[in-house]
Amino acid sequence: MKLIRRILPGALLLPQILLAQLQIVTHPQHGDGYFSIVGESEAATIIYSSSENVLIKKTADFLAGDIENISGKRPVISTSEKFSGRNVIIIATLGNNRLVDKLVADKKLNVEVLNGQWERFVIQTIDRPFPGVKKALVVVGSDRRGAAYGVFTLSEKMGVSPWYWWADVPVKKSEEIYLEKCRYISNVPAVKYRGIFINDEAPAFRNWAIEKFGGINHKCYEKIYELLLRSKANFLWPAMWIPAMFNVDDSLNARVADEYGIVISTSHHEPMMRAHNEWSWVNGGAWDYKTNKEKLQEFWRGGVERMGNYESIITVGMRGDGDEGMSEGTAVDLLKTIIKDQREIIADVTGKPADKVPQVWAIYKEVQDYYDKGMRVDDDITILFCDDNWGNIRYLPRKEDLKHKGGYGMYYHFEYVGAPVSYRWLNVTQIERVWEQMKIVYEHGVNNIWIVNVGDLKPMELPISFFMDYAWNPDAIQAKDLPAYYIKWAKQQFGDNYTNEIAEILSLHTKYSARRTPEMLTPATYSIENYREADRIVDDYNKLAEKSRDIYRQLPEAYKPAFFQLVLSGVELCANMNEMVISAGKNKYYGERGAASANWYADKVKESFEKDARLTEAYHKLVDGKWNHMMSQTHIGYTYWNHPPLNMMPAVSYVQLQKPAELGFLPEYGTRPEWGWLDVQANWDFINTMPLFDRVNNQNYYIDVINRGQEPLSYNIKAADGWIQLSKEQGTTQYNEKVYVSIDWEKAPESDTAGTILISGAGKEYAVAVPIRNKLPKVSGFVENNGVISFEATRFTRKTDTKEAYWTVIPNLGRTNSSLIIEPVTAGRHTPAINSPCVEYDFTVFETGDLTVNTYLSPTQDYKKQGGLKFAISIDDEQPQIINMNEGEIKPDYEYADWWMRSVADHIKISKSRHKVNQPGKHTLKLWMVDSGIVFQKFVIDTGGLKPSYLGPGESNFVIPQ
C-alpha cells in the first residue's frame, strides 16, 4: 500500500483499483471485472456536458463512430445528467462536468493528478457510480486536448489505428467490447507542442486535395486535425507552397483548427500569421523593412487581427521573400527592430502584454548567424532551432541558455526541397536516426516545440507516428526498444498478420532507402566492379520486394490496401528505381567493353522506367482512386536541386555488334588494360590474372564471360590444376555469364604458387592465372583480404564503460548494419586514458607497413559549437590520435558547402587516420571516446588494397583465437 500511496495520491480511497494498462477483451471470463463498452444487447451511453468546449462534443462523436465501426452498434450520445440502468462513458475536462465533480466529492474518483497539468488524462472504471447505474467509464482530461487524447487512447486500444482513414487501416471488428477494470493515468507530454508542417505539397497533395475536397480547405484539414489528435499531436504549420494561403483559401480553416484544439502557427519565413503568398496577393510591394516598413506593418497587423482568440503561436522575425536570406550580411540591429515592432503590433491588437501571447523565433539557415553573433530575443519567445534540412541537428542551447523562459524548439525534416538534390517522393527517414538526433535535442532541454516537415504527409506515415510517440514520452523508447517499435506499429496497422515479418521489411526498407535518396541515385552511385556492390543492392531490394508481395498475397483482403500503401508500394518503387539506375550503370560498363550485355541492360532500363509508371498508377487506382495524385511527384532525371518537369529515363547507349559471337572475359577486380579494352592494333585486350586467394579467407571470385557478338556464344572453361574449382565448365550465352572460381584447399599446394584456367570459345583460347597464398601469419579477429579489413562498429571484441559514459548500440541505424554511440548523450568531453570509455577490435594483417583507418560516421554536425566533435583512434599501444570529425567544416551548410553537400548526399562522413604496424599478425584497433554525439557505423582498414565503392567493403571474416 505504501507503493500505491507514492504513485497515486488518494489511492487508499480506492484500494481495489491499481494503476494499470488498458486491456480490451471481447469475451471476458468474469463479467464483474470488466466494463461493457458494447455488450450483447447494447452499447454504453456516451455522456458529456453541454457546457464543455466543442472539442469534447467532437471527441464524443468520434468515439461513438469508432465503436460503431468496430461493433456495428452506435452508442447513444447525451448531454443529460439524468439516466439510469445503463453503463455510461463520461467524457469531461477537469472542473467542467458536474457528474465528475460528484464522483470526486463521493471519493469514487481522484483527479488531483490533473490539477495544473498540460494535456494529461485519467481513464477509470467505477462500479455503481450513481443510483441506478451499474458501471461508469470516466475519461477526464486536465484540458480539452487531454480529454481528447484519453478518448483516442481508448479507441486505439479497441483497435482503431490513427491511420484508419489516411492509410485505410481496417478497424478490428468485434460484436462485443469490454475494458478490464482499470485506473489509467497518462504522463504529461514531454514536449509541449508537437506537430507537422505540410510543405512542398505540389503537385501531389494539392492536386489530390482539389480532386477530393475542392481544395486545401477546412474539409481537407479536418482529416489532418483528426490525425494529429489521434497521434497525440497539437500543432500545425499549414500548407504554404504557392498559391496556398491557409486563411484566405477557406475562412473556416482556422476556426475549425481551433475547434479541434490544433494550435496554428506559420513557418520559419512567414511572420505574424501570414502565408507567404499573401504578400503577392495584396500587392504589398518590396519585401524590405527598410524601404517598405509601413506596408509590412499593416500586413502583419492584419494577420494578428485575423487570428482573433484562436489558440496560436505567432512566428516573429523576418527572412527574405521566397524563403531566402533577408540580406547579404547579418543585419542584427535591423532584425531586433523588426521583432520589437512586431511585438508592439501584437500587444496593440490582442490587448494583452506581448509576453502573454505565445511567439516563436525560428533559427533557420542563415538566421543562425544572427544567433551566433549574440542576438537574443525577449525571454518569453520560444527559440526554434533546426536541422540542416537532412535530419542533422545544427545547434542546441548551452546550459547557461536554458534559463530562457520561452524555452526552445526544433524544426526537423522528413523531406526537403533544396540542395544538393530535393527529396520529396518517398520516405527515406530511418526512425533510428530520428531517435538518435531527437534524443540529443530532448536531453539538451529543447522541449517546447517539435515540428517536422512531412511534405505531402503521405507516404511519411511510419516516421510521423514515431516522431509523435517519441515527443510524447522520450523516456519510454530507448535504443534497445527500437526494433520493438516496428513490431508495435506493424501490429497496430495489420493486427497479428505477419507482424514480425512486416516489421523486418519496414526496418530494412527504411535502411536501404536512407542510404541515398532515390532522387540522388545515378548509374555511378553503386560500384559495378567492386565488392559486388551493385548486384547486392539489387538482390537485397528484390528479395525485400518479393517478401512484401508474398505477404500481400496472403493477407486478408481488408488489409491489402493499407499494406500496399504502408509497405508494398514503397518497397517495389525503390527496388525498381535501384535496379533501373544500376542497369544504366551496367549499360555503360558493358558498352565500354564492347559487350552485347550493354544492349540488354539498355532495354532493362526502359522496362524499369515503364514499370515505375505502372507502380505509380496502381497507387492512384487504390481504393477506387482515393489517393489519386498522391504519388505524382516527379523523381527520375534530376539535373540540379529542383525536381524535373517530367520523369526522364536515365540515358543509355546501344552498341553495334558484329554478327558472329566473340569471346571476351572480365576477371573480378581486373584492372583496365593500359590501352583500354582494345589494344593499339584494335585487338581485344584483357586481364589474365585472378585476384589472390588464401586459405583463411577462402574466397571465391568470378570470371565474367562476355559475348561480343550477335550470335550466341558457346564457351568452355577448364582448370589446368585439380585444386581449382569452377561453378561450371561450359555454357552458351547471348550476353554474359559469371563463372565462380574457388580453391579446394585440401588439394592445393602448400607453397605460394599459381594455377591456370583455360577459357575457349568462338575460335579463341585464353589462359588466366590463379594465384594462391599459403604463407600467412597466425590470424585472430577480423582478417585482411587483399589489402582490406572491414568491420561494423558494433562488432567490438571488448569494451570499457564508466559511470559517466558508456557505449550503446542503436540497432539498424546506418547504411550497412547498426551503430554505436556514447550515452548519456550529454556526457562531457573526455581525454583518452586508461579506463576511459573505449571499444577494441582485434584484426590481422598479413604484412608490416603503413595502414589507413577509415572511420564511417553518421553525418552529424558540430551542434556543440566547440571546435568540432572529436574521438580518438589508436592501434595497439600507440598514443591515441585525436580526430575531429568536423575538421575543415568552416563554410556553413546553408551556403551549400562542399563538405555538407557530400555528407548529406552520401549519408556518411569518413574520417581518416594513418598508422603503422611493425609486424604481421594480430593487432588491436582502439576507439576512444572524446565527445558524445558521434555515431560510429563502420571501420575499414586499408593496407593498400581498398577499391572505390559507395558502402565500402563487406565485413571481413572473423576468426576466434584457438
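## Reading pockets, cavities and odd backbone spots

Modeller: Let's start with α15, which supplies five residues, the largest share of the lining of the largest pocket. The strands and helices here are DSSP runs counted from the N terminus (helices are H or I with at least four residues, strands are E with at least two). This is a predicted model, where local features need pLDDT of at least 70 and side-chain atom pairs need 80 or more, while totals for chains, interfaces and linings use all residues. Residue numbers run from 1 along each chain as its sequence is written, and side-chain values use heavy atoms, without hydrogens or water.

Colleague: How do I read a pocket, and how much space lies in the largest one?

Modeller: Picture a 1 Å grid over the protein atoms alone: a pocket is an open set of points with protein on both sides within 12 Å along at least five of seven lines, a cavity is a set where a 1.4 Å probe fits but cannot get out, and lining residues have an atom within 4 Å of a point. Points are joined across faces, edges and corners, and volume is the space filled by probe spheres set on them. For the largest pocket, that comes to about 1,300 Å³.

Colleague: Which residues are the closest to its centre?

Modeller: Look for Thr153, Glu156, Lys157, Lys488 and Gln492, picked out from 42 lining residues. Besides α15 (482-494), the elements giving two or more residues to this lining are β1 (24-25), α4 (144-158), β9 (183-185) and α14 (461-472).

Colleague: What does the lining of the largest pocket look like by class?

Modeller: Sort the residues into three bins: Ala, Val, Leu, Ile, Met, Phe, Trp, Tyr, Cys and Pro are nonpolar, Asp, Glu, Lys and Arg are charged, and the others, Gly among them, are polar. The lining of the largest pocket then has 18 nonpolar, 13 polar and 11 charged residues.

Colleague: Now the runner-up: how much space lies in the second largest pocket?

Modeller: About 920 Å³. Its lining has 37 residues, and those closest to the centre are Tyr531, Tyr669, Asn785, Pro953 and Gly954. Elements that supply two or more of the lining residues are α16 (499-515), α17 (533-554), β20 (700-707) and β28 (788-792). Of these, α17 has the largest share, with three residues. The class count for the second largest pocket is 11 nonpolar, 16 polar and 10 charged.

Colleague: Let's move on to cavities. How many of 30 Å³ or more does the structure hold?

Modeller: There are 11 of them. In the largest cavity, the space is about 280 Å³. It is lined by 22 residues, with Trp390, Val428, Arg433, Ala514 and His907 closest to its centre. Both β16 (408-413) and α16 give at least two lining residues to the largest cavity, and the largest share is the three from α16. You'd count nine nonpolar, nine polar and four charged residues around the largest cavity.

Colleague: Which residues lie nearest the centre of the second largest cavity?

Modeller: Those are Asn427, Pro459, His509, Gln565 and Leu566, out of 17 that line it. The volume of the second largest cavity is about 190 Å³. Here α14, α16 and α18 (560-592) each bring at least two residues to the lining, and α18 gives the largest share, five. The lining of the second largest cavity splits into 10 nonpolar, six polar and one charged residue.

Colleague: Pro459 rings a bell for backbone geometry. Is the peptide bond from lysine 458 to proline 459 cis or trans?

Modeller: That bond is cis, and its omega is near 5 degrees. You'll find proline 459 in the loop between β17 (449-455) and α14. Another cis bond runs from isoleucine 242 to proline 243, where omega is near 15 degrees. Proline 243 sits in the loop between β11 (235-237) and α7 (246-249).

Colleague: What about phi: is that of methionine 272 positive or negative?

Modeller: Positive, about 60 degrees, although methionine 272 is not a glycine. Its place is the loop between β12 (263-264) and α9 (278-281).

Colleague: Why does methionine 272 count as buried?

Modeller: Check the relative accessible area: under 20% is buried, over 50% is exposed, and in between is partly exposed (1.4 Å probe, protein chains only). Methionine 272 has 0% relative accessibility, so it counts as buried. Now try tyrosine 498, also not a glycine, with a positive phi of about 55 degrees. Tyrosine 498 lies in the loop between α15 and α16, and its relative accessibility is 28%, so it counts as partly exposed.
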